[in-house]
Amino acid sequence: MSLAQEKTERHTLSVLVDNEPGVLARVIGLFSGRGYNIDSLTVSEVSHEGHLSRITIVTTGTPMVIEQIRNQLDRLVPVHRVRDLTVEAVSLERELAMVKVRGTGEARSEALRLAEAFRARVIDATTESFVFEITGKSDKIDQFALLMAPLGLVEVARTGIVAISRGPEAM
């Protein structure tokens, strides 16, 4: 298969880094400097004592591009470990979203029924609107927002994907 025929794939990369100023900028700079796109990005401290953070990056590219990204991330000094959760392990992915819906009457009742079906929680309510909290796979959140659109969807705020491998092993 020629390079032009290689299919792009979606990969979730988990990167363990030092929690210090400038590290995220260096990791993101690697992507922007080479024209790679980031579909989702989440960052959080995972060890206060060890001063470590975990960056979860969802990106797309050919297998060769994904391998290049992995190798380049591995060479950055503040990076301790890079795992491609898409190929290395069976992993779990989730996203959280807050969805604001404006409506009264039947639309309001239908929004509440749909929220219950999707296991979304009401975290704020006024006489004219709701804010729902929903967690799950990205396509579940996409579907929920799509169904809320005709009922008065105002806005959606999403966290981005977090992922972890299954089983007893740590990253």
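**View A. Strands 2 and 3 run antiparallel, joined by 8 bridges.** We're in a predicted model here, zoomed in on strand 3, which covers residues 52–61. If you want one pair to get your bearings, pick Glu45: its bridge partner in strand 3 is Ser53.

**View B. Pull back a little and the sheet turns out to be an open one of 4 strands.** Read across it and the order goes 2-3-1-4, with antiparallel pairing. Strand 2 (38–47) and strand 4 (79–84) sit at the edges, each pairing on one side only. Going from one strand to the next, the twist averages 20°.

**View C. The protein splits into two parts, domain 1 (9–84) and domain 2 (93–163).** Their C-alpha centres are 30 Å apart. Where the two domains meet, 8 residues of domain 1 are in contact with 6 residues of domain 2. Between them, the domains bury about 500 Å², and 43% of that is on carbon and sulfur atoms.

**View D. Here's a close look at the salt bridge between Arg10 and Glu93.** The closest N and O atoms of this pair are 2.9 Å apart. The count of salt bridges between domain 1 and domain 2 is 1, while 5 residue pairs between the domains are in polar contact, both residues at pLDDT 80 or more. On the domain 1 side that touches domain 2, strand 1 (9–18), strand 2 and strand 3 each chip in at least two residues.

How values were computed: Residues numbered from 1 in each chain as written. Predicted model: local features only at pLDDT ≥ 70, side-chain atom pairs only at ≥ 80, totals over all residues. Heavy atoms only, no water. Pairing = 2+ DSSP bridges. Axes fitted to C-alpha atoms, helices over the stretch in contact; angles between N-to-C directions. Domains from an automatic or database assignment. Contact = heavy atoms within 4.5 Å. Buried area = accessible area lost by both parts, 1.4 Å probe. Salt bridge = Lys/Arg side-chain N within 4 Å of Asp/Glu carboxyl O. Polar contact = N/O pair within 3.5 Å; in protein donor to acceptor, adjacent residues only side chain to side chain.
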